Amino acid sequence: MKTNEDFLKEAIEYAAENVRLNEGKPFAALIVKDGEVISMGTNDVLHTHDPTAHAEIQAIRKASSKINSEFLEGCVIYASGHPCPMCLAAIYISGIRTVYYGSSLEQAAIHGFGVSHIYSEVGKSNEQRQYPLHQLNVADAEKPYFVWKEISSPSEFEP
């Protein structure tokens, strides 16, 4: 039976192989459920020109597709590096509650992959952010929510 360290080492090797193949940046992630790898993802940003094609996001997309659900409760994600804010948000939204990672934010920054400034920005109030968001008050801004409530079952409101 594989240990947490075994799965993490697999993710790290997958990240290194991704770089060797010139497919993307040095990050990979695996998602495990009940001791079995159900998906793997690499950072494919360079290959796809998609800034959201991070390893964790790719792994979440594949796992969700495999189990036919956007909720990945009971799954564990192993990431070669500490997840960036976007990936961490996706992990939370997907319902994954256990994350193991290899390199730290500080280690990644040494190699030119720093995201601490983004973590700092996310923690600020909108008015304090370098690039604040701008809400426009338009009629029916909440309309999609009302339509959703009309056609959805109550269980679909669970996070």
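## A walk from strand 1 outwards

Start by selecting strand 1: 5 of its 6 residues are buried, so treat this strand as mostly covered. Keep in mind throughout that you are looking at a predicted model.

**Stop 1: the neighbours of strand 1**

Add strand 2, residues 36-42, to the selection. Strand 1 and strand 2 run antiparallel and are joined by 6 bridges. Click on Val32 and look across to strand 2, where its bridge partner is Val37. Now go to the turn of this hairpin: there are 2 residues between the strands, and Asp34 takes a positive phi near 55°.

Next, bring in strand 3. Its pairing with strand 1 is also in the antiparallel sense, over 5 bridges. Two positions are handy for finding the register. Ile31 has Ile77 of strand 3 as its bridge partner, and Leu30 stands opposite Tyr78 in strand 3.

**Stop 2: the whole sheet**

Show every strand. What is the order of the 4 strands in this open sheet? Reading across, the order is 2-1-3-4, and the pairing is mixed. Strand 2 and strand 4 (98-103) are the edge strands, each pairing on one side only. If you fit axes, neighbouring strands come out turned by 15° against each other on average, direction ignored.

Now switch on helix 3. This helix packs on the sheet and touches strand 1, strand 2 and strand 3. The direction of helix 3 makes about 140° with that of strand 2.

**Stop 3: two nonpolar cores**

In soluble globular proteins, nonpolar side chains tend to be buried together. To see that here, select Ala29, Ile31, Ile60, Leu72, Cys75, Ile77 and Ile96. Within the largest nonpolar core, which has 20 residues, these touch the most other members. Strand 1 (28-33), helix 3 (55-67), strand 3 (75-81) and helix 4 (85-94) are the elements that give two or more residues to this core. Helix 3 supplies the largest share, 5 residues.

Zoom in on Cys75. Leaving aside residues up to four places away in sequence, Cys75 touches Ile31, Val32, Lys33, Ile38, Ile96, Arg97 and Thr98. Apart from the largest core lies another one, of 7 residues, including Ala11, Leu30, Val76 and Tyr78.

It is worth flipping the sheet over at this point. In a regular strand the side chains alternate between the two faces of the sheet. Compare Ile31, in the largest core, with Leu30, in the other core.

**Stop 4: aromatic rings**

Colour the aromatic residues. A search of the whole structure finds 3 aromatic pairs. One of them is Phe7 with Tyr78, a tilted pair at 5.2 Å centre to centre with 35° between the planes. Phe7 sits in helix 1 (residues 4-20) and Tyr78 in strand 3, so to speak from distant parts of the chain, 71 residues apart. Both Phe7 and Tyr78 are buried.

Then jump to Phe27 and Phe113. Their rings meet edge-to-face, 5.3 Å centre to centre and 90° between the planes. Phe27 is in the loop between helix 1 and strand 1, while Phe113 is in the loop between helix 5 (105-110) and helix 6 (116-122), so this pair ties together parts that are 86 residues apart in sequence. Are the two partners buried or partly exposed? Phe27 is buried because its relative accessible area of 18% falls under the 20% cut-off. Phe113, at 28%, counts as partly exposed.

Before leaving the rings, select Tyr100 together with Phe7 and Tyr78: the three form one aromatic cluster.

**Stop 5: salt bridges**

Last, turn to the charged side chains. The count comes to 4 salt bridges. Go to helix 1 and pick Arg20. The side chain of Arg20 meets that of Glu13 in a salt bridge at 3.0 Å, N to O. Glu17 forms a salt bridge with Arg20 too, with the closest N and O atoms 2.9 Å apart. Glu17 and Arg20 are 3 residues apart in helix 1, about one turn of the helix. Together, Glu13, Glu17 and Arg20 are linked in a network. With a surface drawn, you will find Arg20 exposed at 53% relative accessibility, Glu13 partly exposed at 44% and Glu17 partly exposed at 32%.

Finish at Lys124, which forms a salt bridge with Glu121, the closest N and O atoms being 2.9 Å apart. Lys124 is partly exposed, at 30% relative accessibility, whereas Glu121 is buried, with 18%.

Technical notes: Residues are numbered from 1 along each chain as its sequence is written. This is a predicted model: local features need pLDDT of at least 70, side-chain atom pairs count only at pLDDT 80 or more; totals for chains, interfaces and linings use all residues. Side-chain values use heavy atoms; hydrogens and water are left out. A nonpolar core is a set of buried Ala, Val, Leu, Ile, Met, Phe, Trp, Tyr and Cys residues joined through side-chain atoms within 4.5 Å. Buried means under 20% relative accessible area, exposed over 50%, partly exposed in between (1.4 Å probe, protein chains only). Contact means heavy atoms within 4.5 Å. Two strands pair if DSSP finds at least two bridges between them. Axes are lines fitted to C-alpha atoms, for helices over the stretch in contact, and angles run from 0 to 180 degrees between N-to-C directions. Rings of Phe, Tyr and Trp (its six-membered ring) pair if their centres lie within 6.5 Å; planes under 30 degrees apart count as stacked, over 60 as edge-to-face and the rest as tilted.
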